[in-house]
Amino acid sequence: MWNVMIFLLITALIGSAKASICTGDFVGFVDSTTDLEYCFLFAMDKKREWYEARSFCKDQSADLAFLDDGDLHFQIIDYILAHRDWRDEGFHIGGNDADVEGQWNWVMPQQPMEMGYHWWPGQPDGGRRENFACLYTPDFFFNSCVNGQRMYTLCRV
Ligand SMILES: [Ca+2]
């Protein structure tokens, strides 16, 4: 009896746990609108400024995170909030208005950032002092972060 129940339990667990395509320390998130998995790296080893953060991601064959598609941004928020010691922090993502003030673009893929929706109300602000998009405490919606600010890094393959 117990043997059968344990067998059924293991079968159920294997059946529900789809193998992740993500390697190393990358974490897989399945976008519920496309059912496709995307791999993100939360680089908590040190705090970096934005350009250094981008180089770090490229060294991992990735880039700073793009978050305008599906529900991935909201899954990332939940994941960050589930880590008690991450909740007071900020994470670099792959958007900036460094080229033309007020024109926010993603670096990968190269396309304009959607304004509104993913941004905290009132963001972006700060003019030429704040040219780099980040996920920032306490809500981890998009914020414009101060040039040169050091924080953690969110990469995406
Ligand atoms: Ca700016």
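**Helix α3 and the core around it**

Let's start with helix α3, which spans residues 72–81: its buried residues are Leu72, His73 and Ile76. They sit on the same side of α3, because the arc they cover around the axis is only 100 degrees. The background is simple helix geometry: with 3.6 residues a turn, residues three or four places apart in an α-helix point the same way. And what do the buried residues of α3 pack against? Their partners are two strands, β1 (27–31) and β2 (36–48). Keep in mind that all of this is read from a predicted model.

Now zoom out to the chain. It has three helices and nine strands, and from the N terminus on the elements go α-β-β-α-β-α-β-β-β-β-β-β. Of its 157 residues, 28% count as buried. As for contacts between residues at least 6 apart in sequence, 57% of them join residues at least 24 apart.

Next, the core. In soluble globular proteins, nonpolar side chains tend to be buried together. Here the largest nonpolar core has 30 residues, and the members touching the most others are Phe40, Ala65, Ile93, Cys134 and Cys155. Helix α3 turns up again among the elements that give two or more residues to this core, alongside β2, α2 (50–59), β4 (90–96), β7 (132–136), β8 (142–145) and β9 (151–156).

Ile93 is a good place to look more closely. Leaving out residues up to four places away in sequence, Ile93 touches Leu64, Ala65 and Leu67, then Ala133, Cys134 and Leu135, and also Leu154. Two of those partners, Ala65 and Cys134, are themselves listed with Ile93 among the residues that touch the most other core members.

Note on methods. Residues are numbered from 1 along each chain as its sequence is written. This is a predicted model: local features need pLDDT of at least 70, side-chain atom pairs count only at pLDDT 80 or more; totals for chains, interfaces and linings use all residues. A residue is buried if 20 or more other C-beta atoms lie within 10 Å of its own, exposed if 12 or fewer, and partly exposed in between; C-beta atoms are placed from the backbone. Helices (H or I, at least four residues) and strands (E, at least two) are DSSP runs, numbered from the N terminus. The arc is that of the directions from the helix axis to the C-beta atoms. Two residues are in contact if their C-beta atoms, placed from the backbone, lie within 7 Å. A nonpolar core is a set of buried Ala, Val, Leu, Ile, Met, Phe, Trp, Tyr and Cys residues joined through C-beta atoms within 7 Å.
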